[in-house]
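Work through these exercises with the sequence and the model side by side. Try each task before you read its solution.

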Amino acid sequence: MSEGAPDAVDDSGPALGPEPVPPAEPGPSALAVLDGEPDTETDRDDDAPRGAEEIEAELRRRLLGRLPRPDLWSWLGPAVVGLIALVLRLVHLGRPHELVFDETYYVKQAWSLLALGYEGRWSEGADEAFAVGDTSHLLPSADYVVHPPLGKWLIALGIRALGVDDSAGWRLSGAVAGAVMVVIVARLGRRLFRSTLLGCVAGLLLAVDGLHLVLSRTGILDIYLALFALAAFAAVVADRDLARARLARRLAQERAAGVVGDPWGPRLGMRWWLLAAGVLCGLASGVKWSGIYVLAVLGVLTVVWDLTARRAAGIRLWVGAGAIRDGVPSFLLLVPVAVLTYLGTWVSWFAGTDGYGRRWAFEHPELTNRWIPDALESWWHYHTQMWGFHTTLSSPHAYEAHAPGWVLQWRPTSFYWGDDVPQTCDAERCVQAITSVGNPIVWWVAVVGLVVLGYAVVRWRDWRAWTVLAGYAATWLPWLAFPNRTIFTFYAVALAPFAALATTYVVAVLLGWRPASAGGPDRALVARAAWREPGPWVAAVVLALAVAAAVFFWPVWTAAVIPYESWRWRMWLPSWV
């Protein structure tokens, strides 16, 4: 590809036909105008020699499009949305003041880590005593647990801050994690759509999602897995932009100087965002093993982006360069770093000698390898036990839900039900409930969004659509392979950010946003007359309905005392009961 290739070159995959024809010059970018980004170019004499800056600017347009300028709004907007999310997650956080659902495992295990340094067993009646701050039921013997310790250490931070007798302390770390996720989604959406406005829309949709809200307000592990998985995705997307900007700069310097460069193109150097992604994938796996799926998908995504970047930049041997020159360092920054980070999350287990299985190798010398340290041998044996549990779990449960229904929120999990509550709701029967049903507007429009994303992949070959679909692939598709395992809809909290982004994609299309490969971005919001079209109004209705749904479902997300009939009104589907 020559240096004079068109600005809007699709980079979603190798070209199978001739060089693309330059698209018609797009009009001013409406969302760019809203974000304060100029969208005009100056004319130049094509016969004039070009300097490195001009070549770099062309390569950046080709590889990156037009990035929104960093300004106060780009940080203030996500911060405001994050603050809204934090308030929603902190209000009445301690209600109810008792262990709900799987808090009976993870909150008590978190306290055990603080008290013993490992997860200990508890005697009968521990839940009621624990709720009033009595931890005397904790036994010194180690308990067999099937998840790594990191998530429980994070729960322990909140307990340490507010005290074991404060139920808000059991859930504080999760509430903060949920609010941080909203900020990350807003910033990630801004980077994907090149618009602070659309990024804040994505953050707001996550902030008012019931599944995410309930998991943020409950002391169990999944919100931490979701946080690290999302942060890893955001880091890889940031690496994509930074790597392409670096590639454009180094190629421009070579071409401006008339240097015949390496046919593989320049090296990109150290990629710190990829290193961060490796660490974050290791942390995600240190909460629950399903973080491994995220690592695998991000590894593939990174290689594809590197290949297409070098192809779009006109590098002759782009396949070898992307697969080897970029692929090998990327692998080393992701996989070994993730493994070492995961190993580090077990430091408390290695530091002591009383954790479950810690002395297995010492007690079974005939079954061990003398070349491997006892601690590692014991750790590996423990992992084989955990693997056996996760791959054979099939005990029936009233709220088990197979993965195909997650995207529709077909069978949400009941976290808490209180039918014997004081008559404080001016009704004959008052109840409390925590049901982890997602915001129906967000999740159901996201199903439409999957269709739109599929269209964008086929028709526009949009890398953003591929990114959101990759999020679904990492956090949802693997569970389809376990039709006989006992699984629950609340596992989909890791999918919730991508459901919010899928819904945002629908909103963006309704507003007139199009990727550059579709003929120019953001063309429908330039003139006020555009608001006479139905699309923007439909987008506004979707957002208004999402907020209204959050207000409506708030009582069954937060254990508010309400009349039984009011609870029934909110159970829209029989499968929700």
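The exercises below go from the whole chain to helix pairs, then to a loop and to single residues.

**Exercise 1. The chain and its confidence**

Task: State how confident the predictor is in the protein chain, and find stretches where the pLDDT is below 50.

Solution.
- Step 1. Start with the kind of model. This one is predicted.
- Step 2. Take the mean. The mean pLDDT of the protein chain is 88, and 88% of its residues reach 70 or more.
- Step 3. Look for weak stretches. Over residues 1-45 the pLDDT is below 50. Beyond near neighbours in sequence, residues 1-45 still have 89 contacts in the model.
- Step 4. Go on to residues 518-529. Here, too, the pLDDT stays under 50. The model gives this stretch 29 contacts beyond four places in sequence.
- Step 5. Draw the lesson. Where pLDDT is low, do not read the predicted coordinates in detail.

**Exercise 2. The overall make-up**

Task: How many helices and strands does the protein chain have, and what share of its residues is buried?

Solution.
- Step 1. Count the elements. The protein chain has 21 helices and five strands.
- Step 2. Turn to burial. Of the 577 residues, 55% are buried.
- Step 3. Check how far apart the partners sit in sequence. Take contacts between residues at least 6 apart. Of these, 76% join residues at least 24 apart.

**Exercise 3. Helices α3 and α8**

Task: At what angle do α3 and α8 pack, and which residues make the contact?

Solution.
- Step 1. Recall what to look for. Two packed helices are described by the angle between their axes and the distance between the axes.
- Step 2. Read off both values. Helix α3 covers residues 72-90 and helix α8 covers residues 196-207. They pack at an angle of about 5°, with axes 9 Å apart.
- Step 3. Classify the angle. Angles under 35 degrees count as roughly parallel, so α3 is roughly parallel to α8.
- Step 4. List the partners. On α3 they include Trp73, Val81 and Leu88. On α8 they include Leu197, Cys200 and Leu204.
- Step 5. Sort the residues of this contact. Ten are nonpolar, four are polar and one is charged.

**Exercise 4. Two further helix pairs**

Task: Describe how α11 meets α13 and how α7 meets α18.

Solution.
- Step 1. Begin with α11 (residues 272-285) and α13 (residues 318-344). Their axes come within 7 Å and cross at roughly 35°.
- Step 2. Add the hand. The crossing of α11 and α13 is right-handed.
- Step 3. Pick out contact residues. Among them are Leu274, Gly278 and Cys281 in α11, and Leu334, Ala338 and Thr341 in α13.
- Step 4. Sort the contact of α11 with α13. It has eleven nonpolar, five polar and no charged residues.
- Step 5. Move to α7 (residues 167-193) and α18 (residues 463-475). Their axes come within 9 Å and cross at roughly 145°.
- Step 6. Name the partners. Arg191, Leu192 and Phe193 of α7 meet Trp463, Arg464, Thr467 and Val468 of α18.
- Step 7. Sort the contact of α7 with α18. Four residues are nonpolar, one is polar and two are charged.

**Exercise 5. The loop between α3 and α4**

Task: Which peptide bond is cis, and which phi values are positive, at His92 and at Phe101?

Solution.
- Step 1. Know the usual pattern. Most residues other than glycine have a negative phi, and most peptide bonds are trans.
- Step 2. Find the cis bond. It runs from Arg95 to Pro96, with omega near -5°. Pro96 sits in the loop between α3 and α4.
- Step 3. Check phi. His92 has a positive value near 55°. Phe101 has one of about 50°. His92 lies in the loop between α3 and α4, and Phe101 is found there too.
- Step 4. Add Glu98, which is in this loop as well. Glu98 is partly exposed because its relative accessible area is 35%.
- Step 5. Find partners of Glu98 beyond four places in sequence. They are Glu103, Ala131, Trp170, Arg171 and Tyr416.

**Exercise 6. Met386 and Ser566**

Task: Are Met386 and Ser566 buried or exposed?

Solution.
- Step 1. Set the cut-off. Buried means under 20% relative accessible area.
- Step 2. Test Met386, in helix α16. Its relative accessible area is 0%, so Met386 is buried.
- Step 3. See what surrounds Met386. Its contacts beyond four places in sequence include Tyr144, Pro148, Trp289 and Trp346. Met386 and Pro148 are 238 residues apart along the chain, yet their C-alpha atoms are separated by 9.5 Å.
- Step 4. Test Ser566, in helix α21. Its value is 13%, so Ser566 is buried.

Notes
Residues are numbered from 1 along each chain as its sequence is written. This is a predicted model: local features need pLDDT of at least 70, side-chain atom pairs count only at pLDDT 80 or more; totals for chains, interfaces and linings use all residues. Side-chain values use heavy atoms; hydrogens and water are left out. pLDDT is the predictor's confidence in each residue, from 0 to 100. Contact means heavy atoms within 4.5 Å. Axes are lines fitted to C-alpha atoms, for helices over the stretch in contact, and angles run from 0 to 180 degrees between N-to-C directions. Helices (H or I, at least four residues) and strands (E, at least two) are DSSP runs, numbered from the N terminus. Angles under 35 degrees count as roughly parallel, over 145 as roughly antiparallel, 65 to 115 as roughly perpendicular and the rest as oblique. Ala, Val, Leu, Ile, Met, Phe, Trp, Tyr, Cys and Pro count as nonpolar, Asp, Glu, Lys and Arg as charged, and the others, Gly among them, as polar. A crossing is left-handed if the near helix is turned anticlockwise from the far one by less than a right angle, and right-handed if clockwise. Buried means under 20% relative accessible area, exposed over 50%, partly exposed in between (1.4 Å probe, protein chains only).
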